[in-house]
Amino acid sequence: GDHSFHWLVPCDDTFGTHNSYFSTHPEYFPEINGKRQCRGSNSVNMQLCVSNPGTAQVIIDKARQLFTAFPSMTTFGIVPNDGSYGWCQNADCVAWDGAQAGKGIYSNRLIRLVNTVADALAAEYPDKLFVTLAYDNYREPPDIPISPNVAIRLTTTGRNFLKKLTDPTDPSNAPIMTQLQGWLSKAKHVTLRDYYYFSGVDYAPSPIARTLCEENPELLAVGLKGILPETFPWHWQSLRLPAYALARCGWDTSLSYDDLLDDYSAKMYGPAAASMKSYHLLYETTLRN
C-alpha cells in the first residue's frame, strides 16, 4: 500500500530490471504541455496516464505475477508516486476526473484505474484486495463507486495528536474525519495511515498515548478496519509509550489508558513504577497545558 507507480509501470531502467516502457509505450505516461514525460521511474511528481487501457493491463499482469509467485499475499498496492504534480493532462485522463476536473483533485481518476484492475481480477482472485492511498491531492473521496475488493488507506497528515481524531471541535481533525466518513460511505475496507513521527517534540516523549486509547473505540465504531502507524527507528526512544498504547489499545479497544499506564510502568520500571507513572502523568499534563 505504498507509492508504487514507479514499480508497476517504470518509464526507464532506474531499478536495473530491464523492464521499462517509455521507449515503446510513451502513451502509458503523463502528457504534460502536449508532450509525454519520463522524469525517471523513481522520481517524485512522476505519475502515469491512468486512463490508457495499456497502463491498466500492465498492472493487471503485474498483479497476476505477484499472486502466482506469492500465493499467500492478500493485497496488491496501486498507489501514485509521491508528490503533488506530474499528473497527466491528456483529454482522456481529464475526462475521468468528472466533476473534479480542473480542481487539482485526482481521486476520481485514481479510483477508476484501481477499479479497472480490481474488477478484471475479482473472479480470478476472490480473496485478494487491491489497495490504494487516499493521500495528498487524491485524499478527497471520489464521487464514483468503489469496487468491493478495493481497500482504501487514508493518511492523516496534519492532525492534532493532543485531541481525538473523532473530536468534531478540533479544526485540524474535523476535516480528516469528514474525509474518512466519505471514504467509509464508498468503500468496504478503509484503514488509516497515521504519521506518528510528526507528533514528537524535539524527540521528547510524545503525550499522545491517551489520545490513541480514547479514539480507537470510536474509530472502530464508525467502521475503520485498522491502523498503519508510520515512524522512523530513531523516534522510538520518544515513542515507547505511544507504541505500547497503540499495540494494546489497537487490539483491545476496551482498555483504558490509565489501566495501560499502570501495566506499562510495572513492566518498564519495576520498583520505580509508581514514581515513573507520576512522572508520565505530570509530563503529559504539563505539555498538554
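Okay, to start: is the crossing of α6 and α7 left-handed or right-handed? The crossing of α6 and α7 is right-handed. Before I go on, one caveat: what you have up there is a predicted model.

Let's stay with that pair for a minute. When we talk about two packed helices, we give the angle between their axes and the distance between the axes. For α6 and α7, the axes come within 8 Å and cross at roughly 15°. That makes α6 roughly parallel to α7, because an angle under 35 degrees counts that way.

Who's touching whom? On the α6 side you've got Ala 209, Leu 212, Cys 213 and Asn 216. Across from them, α7 brings in Leu 241, Pro 242, Ala 245, Leu 246, Cys 249 and Gly 250. Sort that contact by class and you get eight nonpolar residues, two polar and no charged.

Now, the reason I began with these two helices: they turn up again at the largest pocket. There's about 310 Å³ of space in there. The lining has 13 residues, and the closest to the pocket centre are Lys 225, Gly 226, Ile 227, Gly 250 and Trp 251. You'll have spotted Gly 250, which also sits in the α6 contact of α7.

Which elements give two or more residues to that lining? Those are α6, spanning 209-221, strand β7 at 226-230, and α7 at 240-251. The largest share comes from α7, with four residues. By class, the pocket lining is eight nonpolar, four polar and one charged.

Staying with empty space: how many cavities of 30 Å³ or more are there? The count comes to two. The second largest cavity has a volume of about 40 Å³. Around that cavity you find Phe 5, His 6, Val 9, Cys 11, Phe 29, Ser 41, Met 46, Gln 47, Leu 48 and Asn 81. That lining splits into six nonpolar and four polar residues, with no charged ones.

Back to helix pairs, two more to go. Take α2, residues 53-69, and α4, residues 107-121. Their axes are 10 Å apart, and the packing angle is about 50°. That makes α2 oblique to α4. The handedness here is right-handed.

In that contact, α2 offers Ala 56, Ile 59, Ile 60, Ala 63 and Arg 64, and α4 answers with Leu 113, Thr 116, Val 117, Ala 120 and Leu 121. The breakdown is eight nonpolar, one polar and one charged.

Last pair: α8, residues 257-269, with α9, residues 273-288. The axes are 8 Å apart and the angle is about 130°. So α8 and α9 are oblique to each other; you'd have to get over 145 for roughly antiparallel. The crossing is right-handed.

The contact list goes like this. From α8 we have Tyr 257, Leu 261, Asp 262, Tyr 264, Ser 265, Ala 266 and Tyr 269. From α9 we have Ala 273, Met 276, Lys 277, His 280, Leu 281 and Glu 284. Here the classes come out as eight nonpolar, two polar and three charged. Compare that with α6 and α7, where the charged count was none.

If you want one spot to click on, go for Gly 250: α7 uses this residue to meet α6, and Gly 250 is among the residues closest to the centre of the largest pocket. That's me done.

Key. Residues numbered from 1 in each chain as written. Predicted model: local features only at pLDDT ≥ 70, side-chain atom pairs only at ≥ 80, totals over all residues. Heavy atoms only, no water. Axes fitted to C-alpha atoms, helices over the stretch in contact; angles between N-to-C directions. Parallel < 35°, antiparallel > 145°, perpendicular 65-115°, else oblique. Left-handed = near helix turned anticlockwise from the far one by under 90°. Contact = heavy atoms within 4.5 Å. Nonpolar A, V, L, I, M, F, W, Y, C, P; charged D, E, K, R; others polar. 1 Å grid on protein atoms, 1.4 Å probe; cavity = no way out; pocket = protein on both sides within 12 Å on 5 of 7 lines; lining within 4 Å. Points joined across faces, edges and corners; volume = space filled by probe spheres on them.
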